[in-house]
Amino acid sequence: MNITLRFFASVREALGTSTESLALPEGVATVGQVRAHLIGRGDPWAKALGEGRALRMACNQVMCDADSAVSEGCELAFFPPVTGG
């Protein structure tokens with residue numbers, strides 16, 4: 001399954017990128033599993049997306065939680081709870 005990742009504000013700054021296309025490994029089917037997969041890349045991913053970090057997530061521009069399913073071609077965004085204009 002292929003998805004698009006988007007990163008905003010401090011997450012974007014920590015990762016040094018605002019977008020990425022990703023082919024998900026088999027068995028990764030929820031937002032939380034995508035997050036865990038990215039954390040598994042090590043630093044700086046683990047610091048920017050770590051479970052202790054307060055993050056908001058959206059799938060196809062709709063706020064979601066870790067249990068939300070991802071689907072082929074979806075856009076998954078990660079951003080801090082408060083972002084500036």
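Guide: Helices and strands here are DSSP runs, numbered from the N terminus. The model is a predicted one.

Visitor: Which pattern does the chain follow along the sequence?

Guide: Read from the start, the order is β-α-β-α-α-β-β-β. That gives three helices and five strands in the chain.

Visitor: How do I read the overall dimensions? What radius of gyration does the chain have?

Guide: Compare the value with a rule for globules. For 85 residues, a compact globule would have a radius of gyration near 12 Å. The chain has 12 Å, which agrees. Along the principal axes, the C-alpha trace spans about 30 × 25 × 20 Å.

Visitor: How many of the residues are buried, as a percentage?

Guide: Buried residues account for 39% of the 85 in the chain. The exposed surface of the chain is about 4700 Å². Carbon and sulfur atoms supply 50% of that surface.

Visitor: And what of contacts across the sequence?

Guide: Take contacts between residues at least 6 apart in sequence. Of these, 50% join residues at least 24 apart.

Visitor: Now the sheet. In what order do the strands lie?

Guide: The order is β2-β1-β5-β3-β4. The sheet is open, has five strands and shows mixed pairing. Its edge strands are β2 (19-23) and β4 (62-64), and each of them pairs on one side only. From one strand to the next, the twist averages 30 degrees.

Visitor: Where does mixed pairing show up around β1? Which way do β1 and β2 run, parallel or antiparallel?

Guide: Antiparallel. Five bridges join β1 (residues 2-7) to β2. T4 has S21 as its bridge partner in β2. L5 has E20 as its partner in β2.

Visitor: And how many bridges join β1 to β5?

Guide: Four, and those two strands run parallel. Within this pairing, F7 stands opposite F78 in β5.

Visitor: How do I read the two faces of a strand?

Guide: In a regular strand, side chains alternate between the two faces of the sheet. Now apply that to β1. Its covered face carries I3, L5 and F7. Its uncovered face carries N2, T4 and R6.

Visitor: Which helix packs on the sheet, touching β1?

Guide: Helix α2 (residues 31-39) does. α2 also touches β2, β3 (56-59), β4 and β5 (75-79). The direction of α2 makes about 65 degrees with that of β5.

Visitor: How many residues are in the largest nonpolar core?

Guide: There are 23. Those with the most contacts inside the core are I3, L5, V34, L38, L49, L76 and F78. Elements giving two or more residues to this core are β1, α1 (9-15), α2, α3 (45-49), β3 and β5. The largest share, four residues, comes from α2.

Visitor: Take one core residue, then. Which residues is L5 in contact with, leaving aside neighbours within four places in sequence?

Guide: The partners are S18, T19, E20, L22, V34, L38, L76 and F78. One of them, E20, is also the bridge partner of L5 in β2.

Visitor: Let me try an outer position. Is V62 buried or exposed?

Guide: Exposed. The cut-off is over 50% relative accessible area. V62 has 52%, so it counts as exposed. V62 sits in strand β4, which is one of the edge strands. The C-alpha atoms of V62 and T17 are separated by 21 Å, and the two residues are 45 apart along the chain.

Visitor: How do I spot unusual backbone geometry?

Guide: Start from the norm. Most residues other than glycine have a negative phi, and most peptide bonds are trans. Then look for departures.

Visitor: Which peptide bond is cis?

Guide: The bond from D43 to P44 is cis, with omega near 5 degrees. P44 lies in the loop between α2 and α3.

Visitor: Where is N60, whose phi is positive?

Guide: N60 is in the loop between β3 and β4. Its phi is about 55 degrees, although N60 is not a glycine. Q61 lies in the loop between β3 and β4. Q61 has a positive phi near 65 degrees and is not a glycine.

Visitor: How does accessibility classify N60?

Guide: N60 has 43% relative accessibility, so N60 counts as partly exposed. Q61 has 71%, so Q61 counts as exposed.

Methods. Residues numbered from 1 in each chain as written. Predicted model: local features only at pLDDT ≥ 70, side-chain atom pairs only at ≥ 80, totals over all residues. Heavy atoms only, no water. Pairing = 2+ DSSP bridges. Axes fitted to C-alpha atoms, helices over the stretch in contact; angles between N-to-C directions. Contact = heavy atoms within 4.5 Å. Core = buried A, V, L, I, M, F, W, Y, C linked by side-chain atoms within 4.5 Å. Buried < 20%, exposed > 50% of the residue type's maximum accessible area, 1.4 Å probe, protein only. Rg over C-alpha atoms; globule rule 2.2 N^0.38 Å. Areas by Shrake-Rupley, 256 points an atom, 1.4 Å probe, with all protein chains shown as cover.
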